[in-house]
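Hi,

Here's the structure I said I'd pass on to you. Have it open while you read, and I'll go through what turned up in it.

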Amino acid sequence: MENKIIFALDVYDHETAMDLAKNLGDKVFAIKINWPIILENGIGIVRELSKYSRVICDFKLADIDNTNRMITEKARDYGAWGIISHAFTGFKSLKAVVDAASGMKVFSVVSMSQESYIDDVTDKLIDISKKAGVYGLVAPGNRPENLKMVKELSGDLKIISPGIGTQGGSMLDALMLGADYVIIGRSIYQSANPEETLNTIYKSISK
Ligand code: BMP
């Protein structure tokens, strides 16, 4: 069960981020970063964090093809291992991300961990994602029915699942339902001892 966690590093502070990356980077599959850390520290943080782990830029791209391409190229230039895009903006937008990724793994969001997401088009979003040639899908670990459906339609695509811990989902359930990796943030970085928390999670899962 080692390396089944993608660590969501949603903090602002540079020192905090680097400490967490140094201590946890080799114990997780990847570190996922989102807008909060980028807006505070700049895109250079991708390169800094890449010393300790694969870095997935969770930019949730949702723009026209050209803008998506430009952002994807920046993530790639700074050494990101993966990037996350929305799928709802359609084939052309998502294909632009895949084309610009050149070696970076592209994940597309096909369902979200909040119930207000547009669930009635999940199958279409998976279809668009497959046609665009993504590497994996983002599907919620705290909404078993959605995850199950995504797994059934996903074919060979990897599935990464947020919504674990703080948002109510169980890591074990998500893995059993087909997630290849789970995304966990607050339950780890807000705990008193993140390293110990990570070890405890791994221990409880391997039982
Ligand atoms: P946390 O474990 O602290 O709830 O963090 C979950 C992470 O996954 C956050 O970075 C969030 O932006 C992301 N995420 C999510 O929670 N739900 C989704 O449907 C898609 C996400 O990317």
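Let's start with Tyr202, which you'll find in helix H10, the stretch covering residues 194–206. Keep in mind throughout that this is a predicted model. Is Tyr202 buried or exposed? Its relative accessible area is 5%, and buried means under 20%, so Tyr202 counts as buried. If you want a feel for distances, take Tyr202 and Arg143: they are 59 residues apart along the chain, and their C-alpha atoms are separated by 22 Å.

Next, two other buried residues. Ser154 sits in the loop between helix H7 (144–153) and strand E7 (158–161). With a relative accessible area of 1%, Ser154 is buried. Which backbone atom does the side chain of Ser154 reach? That would be the backbone oxygen of Lys151, at 3.0 Å.

Thr122 belongs to helix H6, which runs over residues 122–132. Thr122 is buried too, at 1% relative accessibility. Try picking out Met149 as well: Thr122 and Met149 are 27 residues apart along the chain, and 8.6 Å separates their C-alpha atoms.

Tyr189 is another one to click on, this time in helix H9 (residues 186–189). Its relative accessibility is 17%, and the limit for buried is under 20%, so Tyr189 still counts as buried. Now look for Val121, which is 68 residues from Tyr189 along the chain; the C-alpha atoms of the two are separated by 33 Å.

Now for a couple of backbone angles. Lys60 is not a glycine, yet it has a positive phi of about 40 degrees. Lys60 is in strand E3. How accessible is Lys60? It comes out at 25%, which lies between the 20% and 50% cut-offs, so Lys60 is partly exposed.

Ser102 also has a positive phi without being a glycine, with a value near 25 degrees. You'll find Ser102 in the loop between helix H5 (91–101) and strand E5 (105–109). At 52% relative accessibility, Ser102 is exposed, because exposed means over 50%.

On to the ligand. Where does it sit? The space it takes up is the largest pocket. Two elements each give two or more residues to the shell around the ligand: strand E3 (55–61) and strand E8 (181–184). There are 15 residues around the ligand, and the ones that come nearest are Asp10, Lys32, Lys60, Ser113 and Arg186. So what kinds of residues make up that shell? By class, there are six nonpolar, four polar and five charged ones.

If you zoom in on the oxygen atoms of the ligand, you can pick out some polar contacts:

- Asp10: an N or O atom in its side chain is 2.6 Å from a ligand oxygen.
- Arg186: a polar backbone atom of this residue is 2.7 Å from an oxygen atom of the ligand.
- Gly185: here a backbone N or O atom lies 2.8 Å from a ligand oxygen.

How much of the ligand does the protein cover? On its own the ligand has 480 Å² of accessible area, and the protein covers 90% of that.

Last stop is Ser113, one of the residues that come nearest to the ligand. Ser113 is placed in the loop between E5 and H6. At 17% relative accessibility, Ser113 counts as buried. Which side chain makes a polar contact with that of Ser113? The partner is Gln167, and the contact is 2.6 Å. Pro140 is worth selecting here as well: Ser113 and Pro140 are 27 residues apart in sequence, and C-alpha to C-alpha they are 4.7 Å apart in space.

If you only have a few minutes, I'd go to the ligand, then select Lys60, which has that positive phi, and finish with Ser113 and its contact to Gln167. Send me a note if anything looks confusing when you get there.

Cheers

Notes:
Residues numbered from 1 in each chain as written. Predicted model: local features only at pLDDT ≥ 70, side-chain atom pairs only at ≥ 80, totals over all residues. Heavy atoms only, no water. Near = heavy atom within 4 Å. Polar contact = N/O pair within 3.5 Å; in protein donor to acceptor, adjacent residues only side chain to side chain. Areas by Shrake-Rupley, 256 points an atom, 1.4 Å probe, with all protein chains shown as cover. 1 Å grid on protein atoms, 1.4 Å probe; cavity = no way out; pocket = protein on both sides within 12 Å on 5 of 7 lines; lining within 4 Å. Sits in = over half its atoms within 2 Å of the grid points. Helix = DSSP H or I, 4+ residues; strand = E, 2+ residues; numbered from the N terminus. Nonpolar A, V, L, I, M, F, W, Y, C, P; charged D, E, K, R; others polar. Buried < 20%, exposed > 50% of the residue type's maximum accessible area, 1.4 Å probe, protein only.
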